[in-house]
Amino acid sequence: MMRLSVAQRSECGGRRHNEDSLGFCANDTMGCFVLADGAGGYTGGAVAARLVVRQVLSQFSLRPEVCPNAIAATIPAARHTLADARKRYPLLSRMDTTIATLMLDTQQALAYWSYLGDSRIYLFRSGRARMLTNDHSVLQSMIDAGFAQGAARGDKRRNTLYASVGNGEVPAMAVCDKPISLRSGDIFLLCTDGFWEGVSEDEMEAMLQQAESPERWISDMVRRFAVPAEDQDNFSALAVWVGEREETTRVLPAGAFKPARQ
């Protein structure tokens, strides 16, 4: 059986309040890992993110199942929870959040995911990064359509999202169309935009080669934010290692596994 090792970190950055939330629920054979980046004014984003993370994990804990129906149910569950909270707290009626959910089953050797917004899920296979998600931002859609050049990272326009938990639209790729077959040595990273904005995929890969554990890997990446600027966003990351270190950090030749560069 493939062993799961997990580490997580969430920081305020240069902000006074942390509106990110993350967590996981796992047993010996399967796990659910969730991350959210809240928005919507003073305290509202933190409330929204915390509620949707709690709901998805609670739903999984009551019925621990990793399958297409389970991952597809995460988005409507999050949306129902947020809509209900907006009604109960009228002063927070504009609160909103992104969400990214990963489900793993080591017995079936399958991984499923869903997401809304620009919180990302990466797969590192043999040390090479592949982005499983594609930001639901107006800028990214323009880049994809050929109307804009460059990458979302570093561009101030990337913050305008067309999909989130509080937005009724569900993009076609909000839920994976088919699972990934797990391999011993796979690594998954869920992170908010405040995190991936400050650490490139090349840096993630390089630091992974030196890491002895998921905790060390995240700590090394967080050092990139040692002296956050006043406008530095909250940044959060959740790492899941599948298998032993010798397999997770083995590097394939360039081109053997197609990386994602955004």
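Q: Is serine 119 buried or exposed, and at what relative accessibility?

A: Burial is read from the relative accessible area, and a residue counts as buried when that value is under 20%. In this predicted model, serine 119 has a relative accessibility of 1%, so serine 119 counts as buried.

Q: Where does serine 119 sit in the secondary structure, and with which residues is serine 119 in contact once its neighbours within four places in sequence are left aside?

A: A useful habit is to place a residue on its element and then to list its partners. Serine 119 belongs to the loop between strand E6 (110–116) and strand E7 (120–125). With neighbours within four places in sequence left aside, serine 119 is in contact with Leu35, Asp37, Thr98, Ala100, Thr133, Cys191 and Thr192. The side chain of threonine 98 also makes a polar contact with the side chain of serine 119, at 2.8 Å.

Q: How many helices and strands make up the secondary structure of the protein, and what percentage of its residues is buried?

A: Overall counts give the setting for the local features. The secondary structure comprises eight helices and eleven strands, and of the 262 residues in the protein, 52% are buried. Among contacts with a separation of 6 or more, 74% are between residues 24 or more positions apart.

Q: How much space lies in the largest pocket, and which residues are closest to its centre?

A: A pocket can be read through its volume and then through its lining. Here the largest pocket holds about 400 Å³ of space. Its lining is formed by 19 residues, of which Glu19, Asp37, Gly38, Ala39 and Asp233 are the closest to the centre. Two elements give two or more residues to this lining, namely strand E3 (30–39) and strand E4 (96–97), and E3 provides the largest share, three residues.

Q: How do the residues of that lining divide into nonpolar, polar and charged?

A: The chemical character of a lining is summarised by sorting its residues into classes. For the largest pocket, the lining has three nonpolar residues, eight polar ones and eight charged ones.

Q: How many disulfides does the structure hold, and how should its cysteines be read?

A: A disulfide is a covalent bond joining the sulfur atoms of two cysteines. The structure holds zero disulfides. Cysteine 191 has a relative accessibility of 0% and therefore counts as buried, and cysteine 67, at 14%, also counts as buried. Cysteine 191 has already appeared among the contacts of serine 119.

Q: Where does cysteine 176 lie, and what is in contact with cysteine 176 when its neighbours within four places in sequence are left aside?

A: Cysteine 176 is found in the loop between helix H4 (138–145) and strand E9 (180–181), and its relative accessible area of 11% is why this residue is classed as buried. Apart from neighbours within four places in sequence, cysteine 176 is in contact with Tyr112 and Trp113. Its C-alpha lies 8.6 Å from that of alanine 72, although the two residues are 104 residues apart in sequence.

Q: Which residues other than glycine have a positive phi?

A: Backbone torsions are read residue by residue, with the residue type kept in view. Two examples can be given. Alanine 109, which is not a glycine, has a positive phi of about 60 degrees, and alanine 109 is placed in the loop between strand E5 (99–105) and E6. Serine 126 has a positive phi near 55 degrees and lies in the loop between E7 and strand E8 (128–131); with a relative accessibility of 18%, serine 126 counts as buried.

Q: How far apart in space are valine 47 and methionine 95, C-alpha to C-alpha, and how far apart are arginine 183 and arginine 125?

A: Sequence separation and spatial distance are best read side by side. Valine 47, in helix H1 (residues 44–62), is 48 residues from methionine 95 in sequence and 7.8 Å from it in space, C-alpha to C-alpha. Valine 47 counts as buried at 15% relative accessibility, and, neighbours within four places in sequence aside, is in contact with Leu92 and Met95. Arginine 183 lies in the loop between E9 and strand E10 (187–191), and its relative accessible area of 49% makes this residue partly exposed. The C-alpha atoms of arginine 183 and arginine 125 are separated by 8.3 Å, with their positions 58 residues apart along the chain. Leaving aside neighbours within four places in sequence, arginine 183 is in contact with Met2, Arg125 and Val242.

Notes
Residues are numbered from 1 along each chain as its sequence is written. This is a predicted model: local features need pLDDT of at least 70, side-chain atom pairs count only at pLDDT 80 or more; totals for chains, interfaces and linings use all residues. Side-chain values use heavy atoms; hydrogens and water are left out. On a 1 Å grid over the protein atoms alone, a cavity is a set of points where a 1.4 Å probe fits but cannot get out, and a pocket is an open set with protein on both sides within 12 Å along at least five of seven lines; lining residues have an atom within 4 Å of a point. Grid points are joined across faces, edges and corners, and a volume is the space filled by probe spheres set on the points. Helices (H or I, at least four residues) and strands (E, at least two) are DSSP runs, numbered from the N terminus. Ala, Val, Leu, Ile, Met, Phe, Trp, Tyr, Cys and Pro count as nonpolar, Asp, Glu, Lys and Arg as charged, and the others, Gly among them, as polar. A disulfide is a pair of cysteine sulfur atoms within 2.5 Å. Buried means under 20% relative accessible area, exposed over 50%, partly exposed in between (1.4 Å probe, protein chains only). A polar contact is a pair of N or O atoms within 3.5 Å; within protein, one must be able to donate a hydrogen and the other to accept it, and residues adjacent in sequence count only if both atoms are side-chain atoms. Contact means heavy atoms within 4.5 Å.
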